[in-house]
Amino acid sequence: MHSTELIEQIQRSLTEVVKSADELRDLDQALGDGDLGITITLGAGAVIEALAELPDGATPAEISRACAKAFANANPSTMAALVAGGLLAGSKTWKDLDNVDLSAAARFVRAAGDNIAQRGKTQIGDKTIVDAIMPAADALDAGEDGAGGLDAAIAAAEKAVIDTRSLRSRRGRAAWLQERSIGLQDPGATAMWRFLESWRTASVAARS
Amino acid sequence: MKKIINKPEDFVNEMIEGILLAHPDKLKTPGDDPRILVRADAPVAGKVGIVTGGGSGHLPLFKGYVGHGLCSGVAIGNVFSSPSSQQCFEATKAVSGGAGVLYLYGNYGGDVFNFDLAADLAELEDIETRTVVGRDDVASQPKDNRLERRGVAGLIFAYKAAGAAADRGDSLREVAAVAEDVVDNTATMGIGLSPTILPTTGALSFDLPDGEMEIGIGIHGEPGIHRGVLEPADAITDRLVDALVEDLELADGDRVAVLVNGMGATPLEELYVMYRRVHQILSGRGVAISRNYIGEYATSLEMAGASISLLKLNDDRLALLDAPASSPFFQEV
């Protein structure tokens with residue numbers, strides 16, 4: 001995927017993902033402070049706008065950096081800062097690259113997940129977005145072609161999201177709920193899952 | 001709610017506007033965003049820049065310590081909330097003199113995440129950064145979990161020392177080491193007597209019945225470790241100082257700097273009553289007070305209450321503390 005195609009794909013995916021804003025808000029109201037729906041909506045809108053203003057010939061690394069800055073600026077929440085830091089870490093793996101393929105996507109997602117885990121002092125099983133990112137990165141890594149890799153990543157993220165229901169939240173505001181967090185689905189992990197689904201919906205739309 | 005404000009949403013920007021109008025020779029805002037203040041002479045070529053930041057409502061904390069021998073710039077958030085990563089980054093660019101930038105602020109989640117992201121953005125523009133967070137509030141976590149403690153009034157000692165180190169031309173690594181060393185040797189504990197009214201909502205920052213006190217309170221009204229009937233000044237001071245002496249493991253022959261800080265609505269007279277007791281206790285233990293600071297250094301809008309900070313001294317720390325410094329809110333010659 002080259003720059004123009006990448007920009008359009010990101011824009012279409014984000015237009016799609018904001019349809020999950022109410023679901024994410026509701027999940028976050030139960031476990032956090034309820035601003036995840038707004039973070040996603042404002043962030044997606046800002047990214048779409050920022051990408052429209054990028055000069056021709058922007059590299060994939062520059063595109064992802066622009067996404068990071070726009071997402072962080074749209075809404076200075078903890079989640080926005082973590083995701084933006086993840087995007088910047090991912091963009092470093094795209095240095096000198098002008099075609100994003102499956103393995104580049106896998107590298108990006110893994111670097112983003114590692115960065116968020118480190119910044120958020122969290123690990124798999126703590127019931128955060130990292131729970132969905134890392135299995136998605138594994139699935140992308142193991143994929144044979146773009147569509148198959150994406151399908152596998154979505155399945156892996158979905159399983160991770162369902163699994164978060166039985167976990168106890170260990171980071172962020174949700175950790176204050178302690179045992180009462182068990183049974184509730186993690187909003188951050190769900191956001192990652194919905195984003196991957198949106199990426200697929202947007203790819204299908206582009207092809208048809 | 002009785003406050004001298006116009007529209008609540010304009011409160012922070014109008015406060016900054018006032019500061020800039022009052023001190024145009026000392027401070028400036030480098031771009032279009034009024035939430036970033038830097039020294040009027042920033043950037044200083046070849047010197048390490050120091051950026052701090054945090055929520056409003058704590059004046060003089062954060063923006064009051066931008067000046068010579070102190071911080072180089074500050075990113076300013078809304079009342080009790082973090083500045084954005086972009087604001088932290090803009091402050092970084094505005095103070096970068098080519099020798100790197102130290103981030104020095106209090107240990108609060110939103111500030112940490114936004115400064116970390118600003119560090120990423122700075123790296124993209126080849127500005128080297130390091131981070132040291134104030135974590136002096138002994139009531140917020142036990143000593144074996146000290147890295148998770150909140151940063152409160154004791155941060156001022158780190159500003160003073162790191163600012164002096166940057167001014168004498170230390171490298172970024174050295175300035176960070178100075179800040180870290182002071183943070184490691186500073187301990188603070190506070191007491192709250194009445195809450196603040198948040199300008200945006202008109203709500204109280206916490207509930208505390210008349211006649212009660214909260215020992216170990218945070219500067220946003222975070223609950224402390226003990227709530228009970230208000231005690232006499234000496235008993236309160238004993239509680240605070242005993243905890244600090246134990247935390248810093250002070251012994252006969254040690255030297256300290258003492259900061260008795262008002263939270264916004266406690267008269268200076270009462271702070272001196274406390275200082276008198278601090279002096280009695282430390283003298284009794286053979287601990288010398290080499291420097292003292294008494295007044296409002298880190299407030300919580302109009303919260304009634306006070307905090308006591310101790311910095312354990314050695315010759316290096318004392319020399320850094322005594323180096324010249326000046327800002328519109330802090331003078332030391």
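Which side chain meets D116(B) in a salt bridge? I looked it up: R119(A) does, at 3.5 Å from N to O. I took a salt bridge as a side-chain nitrogen of Lys or Arg within 4 Å of a carboxyl oxygen of Asp or Glu.

**Ground rules.** I am working on a predicted model, where local features need pLDDT of at least 70, side-chain atom pairs count only at pLDDT 80 or more, and totals for chains, interfaces and linings use all residues. I number residues from 1 along each chain as its sequence is written, letter chains from A in the order in which they are written, and use heavy atoms for side-chain values, leaving out hydrogens and water.

**The A–B contact.** I returned to D116(B) and R119(A). The pair crosses between chains, from helix α3 (residues 109-124) of chain B to helix α6 (residues 102-119) of chain A. Helices here are DSSP runs (H or I, at least four residues), numbered from the N terminus. I found both residues buried, that is, under 20% relative accessible area with a 1.4 Å probe on protein chains only; over 50% is exposed, and in between is partly exposed. R119(A) also meets D120(B) in a salt bridge, at 2.9 Å from N to O. I get four salt bridges across this interface.

I counted 15 residues of chain A in contact with 13 of chain B, contact being heavy atoms within 4.5 Å. The area buried between the chains is about 1300 Å², with 61% from carbon and sulfur atoms. That is accessible area (1.4 Å probe) lost on putting the two parts together, summed over both. K69(A), L88(A) and R119(A) supply 36% of what chain A buries against chain B, more than any other three residues.

**Bridges within chains.** I find 36 salt bridges over all chains. D151(A) and R200(A) form one at 2.8 Å, N to O. It links helix α8 (residues 146-164) and helix α9 (residues 187-207) of chain A, with the partners 49 residues apart. D151(A) is partly exposed at 37% relative accessibility, and R200(A) is partly exposed at 32%.

In chain B, I noted D238(B) with R277(B), the closest N and O atoms being 2.8 Å apart. D238(B) is in helix α6 (residues 233-248) and R277(B) in helix α7 (residues 268-284), so the pair ties together parts 39 residues apart in sequence.

**Cores.** I checked the largest nonpolar core: it has 81 residues, and L196(A) and Y103(B) are among those touching the most other members. Such a core is a set of buried Ala, Val, Leu, Ile, Met, Phe, Trp, Tyr and Cys residues joined through side-chain atoms within 4.5 Å. Another core, of 62 residues, lies apart from it and includes V12(B) and L155(B).

How values were computed: Helix = DSSP H or I, 4+ residues; strand = E, 2+ residues; numbered from the N terminus.
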